[in-house]
Amino acid sequence: MANKTKVSITLNDTLTRFIDLVRGDVSRSKFIENYLKDKISLFEVMWIYGDELRKVTKKELIYAHVSQPIGKPLHKYEGFVDVSKDSLDFYDSDLERLFSISKTEMKDLKVSYDKDFKRLLHSRGANPPMHFSFGKRKMYLFTRPLGGLVFRGQNEIILQTFI
């Protein structure tokens, strides 16, 4: 689980009154924390490229099968992805920016198994990957909310933004 850091902020009176109006029984700090979590589109991500699927070892396949549904799906890379209206920005586990894929580069975004990422060979069948092509590569990815339990191919924010 991620470490938590305390942050101090100053709000103007109008914003404070609005928060008090809509927060109900939730404390101000918890309301602001929840609001920010809902508005920030940063997810933990794991991915593998289509050409790397042919090089997956038996040990990697077994681990991906045994660890599901809570564990880690088949992948080679992990870090974070930030979803903006124009791109997916990938970061490593230290939040160092790796690369970006623009919306205009992405083709055929789907959540499904296909001829390369097979249902029973590459997973246990209940959690298909999100996949798309860009340039000459194909990427298969799984995401989860920050601090979440399960990596999924289904990510409504990405789908709504890029389809």
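These legends describe close-up views of a predicted model.

**View 1. A salt-bridge network joins Asp20, Arg23 and Arg28.**
Side chains of opposite charge can pair when their charged atoms come close. Asp20 pairs with Arg23 in a salt bridge, and their closest N and O atoms are 2.8 Å apart. Asp20 also meets Arg28 in a salt bridge, at 2.6 Å from N to O. Buried or exposed, or something in between: where does Asp20 fall? Asp20 has a relative accessible area of 30%, so it is partly exposed. Arg23 is partly exposed too, because its relative accessible area is 24%. Arg28 has 40% relative accessibility and therefore also counts as partly exposed. The rule used here finds 8 salt bridges in the model.

**View 2. Asp89 and Arg97 form a salt bridge.**
The closest N and O atoms of this pair lie 3.0 Å apart. Is Asp89 buried or exposed? Its relative accessibility is 10%, so Asp89 counts as buried. The cut-off for buried is under 20% relative accessible area.

**View 3. Leu95 has a positive phi in the loop between β3 and β4.**
The phi of Leu95 is about 60°, although this residue is not a glycine. Where does Leu95 lie? It sits in the loop that runs between β3 (87-91) and β4 (97-102). Leu95 has 49% relative accessibility and so counts as partly exposed. Exposed residues have over 50%.

**View 4. Asp108 has a positive phi in strand β5.**
Asp108 is not a glycine, yet its phi is positive, at about 60°. Its place is in β5, which covers residues 107-111. Asp108 counts as exposed because its relative accessibility is 54%.

**View 5. The largest pocket holds about 1,400 Å³ of space.**
Which residues are closest to the centre of this pocket? Of the 34 residues in the lining, they are Asn3, Lys4, Glu33, Lys37 and Leu146. Four elements give two or more residues to the lining: α2 (28-39), β1 (42-49), β2 (77-83) and β7 (137-145). The element that gives the most is α2, with 7 residues. How do the lining residues divide into nonpolar, polar and charged? There are 17 nonpolar, 7 polar and 10 charged residues in the lining of the largest pocket. Rolling a probe the size of a water molecule over the atoms shows where empty space is left.

**View 6. β1 pairs with β2 and is mostly covered.**
β1 and β2 run antiparallel and are joined over 6 bridges. Which residue of β2 stands opposite Met46? Glu78 takes that place. How many of the 8 residues of β1 are buried? The count is 7, and the strand is mostly covered. In a regular strand the side chains alternate between the two faces of the sheet.

**View 7. β1 also pairs with β7.**
β1 and β7 are antiparallel, with 7 bridges between them. Trp47 stands opposite Leu141 of β7. Both β1 and β7 also give residues to the lining of the largest pocket shown in View 5.

Definitions and conventions: Residues are numbered from 1 along each chain as its sequence is written. This is a predicted model: local features need pLDDT of at least 70, side-chain atom pairs count only at pLDDT 80 or more; totals for chains, interfaces and linings use all residues. Side-chain values use heavy atoms; hydrogens and water are left out. Buried means under 20% relative accessible area, exposed over 50%, partly exposed in between (1.4 Å probe, protein chains only). A salt bridge is a side-chain nitrogen of Lys or Arg within 4 Å of a carboxyl oxygen of Asp or Glu. On a 1 Å grid over the protein atoms alone, a cavity is a set of points where a 1.4 Å probe fits but cannot get out, and a pocket is an open set with protein on both sides within 12 Å along at least five of seven lines; lining residues have an atom within 4 Å of a point. Grid points are joined across faces, edges and corners, and a volume is the space filled by probe spheres set on the points. Ala, Val, Leu, Ile, Met, Phe, Trp, Tyr, Cys and Pro count as nonpolar, Asp, Glu, Lys and Arg as charged, and the others, Gly among them, as polar. Two strands pair if DSSP finds at least two bridges between them.
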